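Here is a short briefing on one protein chain. Keep the sequence and the structure open as you read.

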Amino acid sequence: MVVDDHPMWRDAVARDLAEAGGLDVIATAGDGEQAVRRAKAAAPDVLVLDLNLPLKPGVQVCKELVGANPKLRVLVLSASGEHADVLEAVKSGATGYLLKSASTEELIDAVRRTAVGDPVFTPGLAGLVLGEYRRLASEPAPSTPDEPSAPQLTDRETEVLRLVAKGLSYKQIAERLVISHRTVQNHVQNTLGKLQLHNRVELVRYAIERGLDDA
């Protein structure tokens, strides 16, 4: 699903994804409130989202939709490369951030990678996001009384989690461990389930809090 308030741009992106990328664009929207309604009705796998929207900002759209459906992948496609905008998008649940200067081929590749759970960022922004993960992890987590003991992960799940925390993509992890991309995805999904986490952002924070990124 493509969300942008400029009709020509929105139509062009939808057309490129469908015709050049062979992707199924099931809905579009031109403002934030329309985006929330249509996304809940259409249930897309990937939401390509502009941040600067009328009626409801893109960050709020992302927060609401990911909160309602943690499996939704959100790729922000924005004209802004401001660090504050990037970090705000990631905190709201976006799994990727691409600048509008990207080529059609880069956009199609980014949507495909977003769909399988890879974090996708315009070059130069990935390091910024990982740095923010580390900063968040350094903040004391709220304690809960009678907190249950941490669930047991297998050695391979821990190994994959360690590489996720280091900022590697699923493809890089698969190559490093000589396993398939699908196997990496399965390990991550199993780990999310065991830890009762919702997305990769929470998973990286969990790993960094436990020092796995330095291991």
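**Glu-64 and the overall picture**

Glu-64 is partly exposed, with a relative accessible area of 26%. The model is predicted. The protein has 10 helices and 6 strands. Of its 215 residues, 47% are buried.

**Overall make-up**

- The protein exposes about 11,000 Å². Carbon and sulfur atoms supply 51% of that area.
- Take the contacts between residues at least 6 apart in sequence. Of these, 64% join residues at least 24 apart.

**Around Glu-64**

- Glu-64 sits in helix α3, which covers residues 58-68.
- Which residues does Glu-64 touch, not counting those up to four places away in sequence? They are Val-36 and Lys-56.
- With Lys-56, the contact includes a salt bridge. The closest N and O atoms of Lys-56 and Glu-64 are 2.9 Å apart.
- The two partners differ in cover. Lys-56 is buried, at a relative accessible area of 17%, whereas Glu-64 counts as partly exposed at 26%. The cut-off for buried is under 20%, so Lys-56 falls below it with its 17%.
- Ser-92 is 28 residues from Glu-64 along the chain. The C-alpha atoms of Glu-64 and Ser-92 are separated by 8.5 Å.

**Salt bridges**

- How many salt bridges does the structure hold? The structure holds 6.
- Side chains of opposite charge can pair when their charged atoms come close.
- Lys-100 forms a salt bridge with Asp-4, with the closest N and O atoms 2.8 Å apart. Lys-100 lies in the loop between β5 (96-99) and α5, and Asp-4 in the loop between β1 (2-3) and α1 (7-20), so this pair ties together parts that are 96 residues apart in sequence.
- Asp-4 is buried, with a relative accessible area of 2%.
- Asp-50 belongs here too. A network of salt bridges links Asp-4, Asp-50 and Lys-100.
- Lys-194 and Glu-157 also meet through their side chains in a salt bridge, at 2.9 Å from N to O. This pair links distant parts of the chain, 37 residues apart: Lys-194 is in helix α9 (residues 181-195) and Glu-157 in helix α7 (residues 155-165).
- Is Glu-157 buried or exposed? Glu-157 counts as buried, at 5% relative accessibility. Lys-194 counts as partly exposed, at 34%.
- Leaving out residues up to four places away in sequence, Glu-157 touches His-187, Asn-190, Thr-191 and Lys-194.

**Asp-118, a buried acid without a salt bridge**

- Asp-118 lies in the loop between α5 (104-115) and β6 (120-121).
- Asp-118 is buried yet has no salt bridge. Why is there none with Arg-113, the nearest side chain of opposite charge? A salt bridge needs the nitrogen and the carboxyl oxygen within 4 Å, and Arg-113 is 4.1 Å away, so the pair does not count.
- What does the side chain of Asp-118 reach at 2.9 Å? The partner is the backbone nitrogen of Tyr-170.
- Setting aside neighbours within four places in sequence, Asp-118 is in contact with Thr-95, Arg-113, Ser-169, Tyr-170, Lys-171 and His-181.

**Strand β4**

- Strand β4 covers residues 73-78, and 6 of the 6 are buried, so β4 is largely enclosed by the rest of the structure.
- In a regular strand the side chains alternate between the two faces of the sheet.
- In β4, Arg-73, Leu-75 and Leu-77 point one way. Val-74, Val-76 and Ser-78 point the other way. All of these residues are buried.
- Strand β3 (residues 46-49) pairs with β4 in the parallel sense, over 4 bridges.
- Which residue stands opposite Val-74 in β4? That residue is Leu-47.

**Helix α10**

- Helix α10 covers residues 200-209. Of its 10 residues, 7 are buried, so α10 is largely enclosed by the rest of the structure.
- The buried residues in α10 are Arg-200, Val-201, Leu-203, Val-204, Tyr-206, Ala-207 and Ile-208.
- Gly-211 follows α10. The phi of Gly-211 is positive, near 75°.

Definitions and conventions:
Residues are numbered from 1 along each chain as its sequence is written. This is a predicted model: local features need pLDDT of at least 70, side-chain atom pairs count only at pLDDT 80 or more; totals for chains, interfaces and linings use all residues. Side-chain values use heavy atoms; hydrogens and water are left out. Helices (H or I, at least four residues) and strands (E, at least two) are DSSP runs, numbered from the N terminus. Buried means under 20% relative accessible area, exposed over 50%, partly exposed in between (1.4 Å probe, protein chains only). Contact means heavy atoms within 4.5 Å. Accessible areas come from the Shrake-Rupley method with a 1.4 Å probe; for residues, only the protein chains shown count as cover. Lys and Arg count as positive and Asp and Glu as negative; His and the chain ends are not counted. A polar contact is a pair of N or O atoms within 3.5 Å; within protein, one must be able to donate a hydrogen and the other to accept it, and residues adjacent in sequence count only if both atoms are side-chain atoms. Two strands pair if DSSP finds at least two bridges between them.
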